[in-house]
Amino acid sequence: MSLIHTRIFSSSLLIKQGILNHRHGHCQCSLKQIAIIQTDTGATIHNKPEWKVTIHNVCSCAVLHLKLDCSGFQTVEDIDPSVLSISNGECLVNNGQPIYPSTTFSFTYAWDTSFPFKPVYSEVACS
């Protein structure tokens with residue numbers, strides 16, 4: 001579902017709760033620059049509609065260790081833990097690996113209604 005690239009980052013910054021803590025060159029990022037779009041795929045899994053979640057990084061830098069608020073999230077479709085790992089009401093996306101600028105990362109799940117995923121944490125790496 002995703003391409004995982006290896007890249008060395010010269011600096012990183014921590015963004016929590018959508019607050020910008022650092023600027024590096026043209027890199028000014030916040031959690032508001034993580035767009036999450038969900039669409040009904042039209043498929044059904046165990047009589048539940050399947051939803052495709054697309055996470056779009058609109059920041060000019062890569063985001064790493066992206067976590068979403070997953071309190072109450074349910075699915076009847078298996079999700080590879082390297083794609084979405086759930087722990088203590090938070091979901092780690094892409095095994096913490098980078099989501100590069102202007103790229104997307106997607107996964108699917110199946111439940112009666114779509115879940116309101118919200119970014120709660122990420123690290124930003126500008127090179």
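Cys61 counts as buried, because its relative accessibility is 5%. It is a good place to start a walk through this structure, which is a predicted model. The partner of Cys61 is Cys126, and the two form a disulfide with their sulfur atoms 2.1 Å apart. This pair links distant parts of the chain, 65 residues apart, with Cys61 in the loop between E3 and E4 and Cys126 in strand E8 (residues 118-126). Cys126 is buried too, since its relative accessible area is 3%. The torsion about the S-S bond of Cys61 and Cys126 is about 100°, so this disulfide is right-handed.

**The disulfides**

As a reminder, a disulfide is a covalent bond between the sulfur atoms of two cysteines. How many disulfides does the count come to? The count comes to three, and the table sets them side by side.

| Disulfide | Sulfur to sulfur distance |
|---|---|
| Cys29 and Cys59 | 1.7 Å |
| Cys61 and Cys126 | 2.1 Å |
| Cys70 and Cys91 | 1.8 Å |

Let us take the pair Cys29 and Cys59, which form a disulfide with sulfur atoms 1.7 Å apart. It joins distant parts of the chain, 30 residues apart: Cys29 sits in the loop between strand E1 (11-16) and strand E2 (34-45), while Cys59 sits in the loop between E3 and strand E4 (62-69). Cys29 and Cys59 are both buried.

Then there is the disulfide of Cys70 and Cys91, with sulfur atoms 1.8 Å apart. Here again distant parts of the chain are linked, with Cys70 in the loop between E4 and strand E5 (84-87) and Cys91 in strand E6 (residues 90-93), 21 residues apart. Both of these cysteines, Cys70 and Cys91, are buried. Is this disulfide right-handed or left-handed? The torsion about the S-S bond of Cys70 and Cys91 is about -135°, so the disulfide is left-handed.

**The nonpolar core**

In soluble globular proteins, nonpolar side chains tend to be buried together. In this model the largest nonpolar core has 25 residues, and those that touch the most other members are Ile55, Leu68, Phe73, Val93, Phe107, Tyr109 and Phe117. Which strands supply at least two residues each to this core? They are E3, E4, E6, strand E7 (104-110) and E8.

**Two buried glutamates**

Glu50 has its place in strand E3, and Glu77 lies in the loop between E4 and E5. Glu50 is buried yet has no salt bridge, and the nearest side chain of opposite charge, Lys52, is 9.3 Å away. Glu77 is likewise buried without a salt bridge, with Lys52 as its nearest side chain of opposite charge at 12 Å.

What do these side chains meet instead? The side chain of Glu50 makes a polar contact of 2.8 Å with the side chain of Thr41, and another of 3.5 Å with the side chain of Thr108. Thr108 also appears beside Glu77, where a polar contact of 3.1 Å joins the two side chains. Leaving aside residues up to four places away in sequence, Glu50 touches ten residues' worth of company that includes Thr39, Asp40, Gly42 and Glu77. With neighbours within four places set aside, Glu77 is in contact with Ile45, Glu50, Thr108, Tyr109 and Ala110.

**Thr54 in strand E3**

Strand E3 (residues 48-57) also holds Thr54. Thr54 counts as buried because its relative accessibility is 18%, and the limit for buried is under 20%. Apart from its neighbours within four places in sequence, Thr54 is in contact with Ala35, Ile36, Ile37, Thr104, Phe105 and Ser106. Among these, Ser106 offers its side chain for a polar contact with that of Thr54, at 3.3 Å. Phe105 is 51 residues from Thr54 in sequence, but their C-alpha atoms are 5.7 Å apart in space.

**Two positive phi values**

Most residues other than glycine have a negative phi, and most peptide bonds are trans. His65 has a positive phi, near 50°, and Asn94 has one near 55°. His65 is placed in strand E4, whereas Asn94 is in the loop between E6 and E7. Is each of them buried or partly exposed? His65 is partly exposed, because its relative accessible area is 33%. Asn94 counts as buried, since its relative accessibility is 2%.

Technical notes: Residues are numbered from 1 along each chain as its sequence is written. This is a predicted model: local features need pLDDT of at least 70, side-chain atom pairs count only at pLDDT 80 or more; totals for chains, interfaces and linings use all residues. Side-chain values use heavy atoms; hydrogens and water are left out. Helices (H or I, at least four residues) and strands (E, at least two) are DSSP runs, numbered from the N terminus. Buried means under 20% relative accessible area, exposed over 50%, partly exposed in between (1.4 Å probe, protein chains only). Contact means heavy atoms within 4.5 Å. A polar contact is a pair of N or O atoms within 3.5 Å; within protein, one must be able to donate a hydrogen and the other to accept it, and residues adjacent in sequence count only if both atoms are side-chain atoms. A disulfide is a pair of cysteine sulfur atoms within 2.5 Å. Lys and Arg count as positive and Asp and Glu as negative; His and the chain ends are not counted. A salt bridge is a side-chain nitrogen of Lys or Arg within 4 Å of a carboxyl oxygen of Asp or Glu. A nonpolar core is a set of buried Ala, Val, Leu, Ile, Met, Phe, Trp, Tyr and Cys residues joined through side-chain atoms within 4.5 Å.
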